Amino acid sequence: MHLSYTQLIKRPAMFQRLTGLSVKEFEKLLGPFSAQYEQLVIGPRVKAAGRVRAGGGGQKGLIPAIEDKMLFILVYTRIYPLLFVHGLFFGMDESRACKWVGILLPVLDAALGQMWIRPKRATGRSLEEIIEECPELKELGVLTDGTERPIRRPKDEEKQKTTYSGKKKRHTNKHVTITHPKTQRILAVSPEAPGTKHDKKIFDEMELSCEAAIPLKGDSGFEGLQVGQAVVTTPFKRKPTKKGEPKSELTTEQKEHNRTLSQERISIEHSNAGFKRNHSVTQILRNTREGMSDSLAMVAMGLHNLRVSVRACYQF
């Protein structure tokens, strides 16, 4: 069986399960994807020194239609099959499937950037800059959390120590995200960090600034966080006592504070689950190209934001 856009579009439910996008969302992304493919792939080939053929000359390839090219990379990021299996889906061998993944993933990433739905890189920015497209967040505030993706156990002992996550009990890479509390849109994301690094330390290294009293809500991993004039809220924790004695209990007011904060923060947990519909960020990373883990995560977050921007269930 060879997958093609013209066949799958007749079965919308299967189309959405394979790509993670509805037909409407796919078509909205297709224009920017086509423009970026022309700019990043076709343009350099046509302008290459010594080229004789005009644009469009030569063999047409195994996936000539731009719709099938985008289907190819969306199916890969959504279900993350072995390249051997993915090649069978599109009638090509494993090495050619690997080559096309390397070509089309940056195109998809650039298309999401062109649509302004790929999350911003938070490093060196201000909270005001991050939320400028959402003025309501000056009062609502934003949510932050760390999210991890599994990787193979490194052979080097030092790398094993730096990537081992005590929370997940496996080797991981992680990002810290900043999210809209109502729509679940991922506004900004940190650079990728090794799994052993603490969420607060990653946030501190982003060197965010803030000159307004914008609410910023995080879990207990962000206790002690300071971001300019932002009002940082984290849960109360039971204080340790002497060895052998139980920890001190929280007061009724502190428990109510934690309960309310947890209800507000559930939105970012749903956001993390939303971009993890793409199995390329939930299965153990198999790609060996430098930066591939970060690229797959950014694409998954961008596709989540695309769904957020189109589907009525995310609006408020």
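Guide: Welcome! A definition to start: the rings of Phe, Tyr and Trp, the last taken by its six-membered ring, form a pair if their centres lie within 6.5 Å, and planes over 60 degrees apart make the pair edge-to-face. Please keep in mind that this is a predicted model.

Visitor: Thanks! How many aromatic pairs does the count come to?
Guide: The cut-off is a distance between ring centres, set at 6.5 Å. By this rule the number of aromatic pairs is 6.

Visitor: How are the rings of Phe-15 and Phe-26 arranged?
Guide: A pair of aromatic rings is described by the distance of the centres and the angle of the planes. For Phe-15 and Phe-26 the centres are 5.2 Å apart and the planes stand at 80°. An angle over 60 degrees decides the class, and the pair is therefore edge-to-face.

Visitor: Which helices does that pair tie together?
Guide: The two residues are 11 residues apart in sequence, with Phe-15 in one helix and Phe-26 in another, so their pairing ties together H2 and H3.  Phe-15 counts as buried at 0% relative accessibility, and Phe-26 also counts as buried, at 0%. The helices joined by the pair are H2 and H3.

Visitor: What about Phe-72 and Phe-90: which class does that pair fall into?
Guide: Phe-72 sits in helix H4, while Phe-90 is in the loop between H5 and H6, 18 residues apart. Phe-72 is buried at 0% relative accessible area, and Phe-90 counts as buried at 4%. Their ring centres are 5.0 Å apart with the planes at 65°, so the pair is edge-to-face.

Visitor: Which residues form one aromatic cluster?
Guide: We have already met the pair of Phe-15 and Phe-26. A tyrosine belongs with them, and the cluster is made up of Phe-15, Phe-26 and Tyr-5.

Visitor: Let's turn to the core. Which element gives the largest share of the largest nonpolar core?
Guide: This core has 53 residues, and Leu-29, Phe-33 and Phe-72 have the most contacts inside it. At least two residues come from each of H1, H2, H3, H4, H6, S5 and H12. The largest share is 10 residues, and the element that supplies them is H6.

Visitor: How many residues are in the other core?
Guide: This core lies apart from the largest one and includes Ala-188, Ile-202, Phe-203 and Leu-225. Its number of residues is 23.

Visitor: Which helices do the buried residues of H3 pack against?
Guide: H3 covers residues 23–46 and bends by about 35° at Glu-38. Its buried residues include Phe-26, Leu-29 and Phe-33, but also Glu-25 and Gln-36. The helices they pack against are H1, H2, H4, H6 and H12.

Visitor: And Ile-63, how far is it from Met-92 in space?
Guide: Ile-63 lies in the loop between H3 and H4, and is buried with a relative accessible area of 4%. Beyond its neighbours within four places in sequence, Ile-63 is in contact with residues including Phe-72, Phe-90, Met-92 and Trp-100. Phe-72 in turn touches Met-92 and Trp-100, among others. Ile-63 and Met-92 are 29 residues apart in sequence, and from C-alpha to C-alpha the distance is 9.4 Å.

Visitor: Do tell me about charges too: which ring does the charged end of Arg-286 sit over?
Guide: An arginine counts here if its CZ is within 6 Å of the ring centre and within 35 degrees of the ring normal. The charged end of Arg-286 is 4.1 Å from the ring centre, and the ring belongs to Tyr-80.

Visitor: Does S5 run parallel or antiparallel to S4?
Guide: S5 is joined to S1 by 2 bridges, in a parallel arrangement, with Lys-120 opposite Ala-188. On the S4 side there are 3 bridges, and Thr-177 has Val-189 as its bridge partner. The direction of S4 and S5 is antiparallel.

Visitor: Which residue takes a positive phi in the hairpin of S4 and S5?
Guide: The hairpin has 6 residues between its strands. The phi in question is near 70°, and the residue is Gln-184.

Visitor: Finally, what percentage of the residues of the protein chain count as buried?
Guide: The chain has 12 helices and 8 strands, and its C-alpha atoms fill a box of roughly 75 × 45 × 40 Å along the principal axes. Buried stands for under 20% relative accessible area. Of the 316 residues, the buried share is 48%.

Note on methods. Residues numbered from 1 in each chain as written. Predicted model: local features only at pLDDT ≥ 70, side-chain atom pairs only at ≥ 80, totals over all residues. Heavy atoms only, no water. Core = buried A, V, L, I, M, F, W, Y, C linked by side-chain atoms within 4.5 Å. Buried < 20%, exposed > 50% of the residue type's maximum accessible area, 1.4 Å probe, protein only. Helix = DSSP H or I, 4+ residues; strand = E, 2+ residues; numbered from the N terminus. Contact = heavy atoms within 4.5 Å. Phe/Tyr/Trp six-rings, centres within 6.5 Å; stacked < 30°, edge-to-face > 60°. Pairing = 2+ DSSP bridges. Bend = angle between axes of the 7 residues up to and from the residue.
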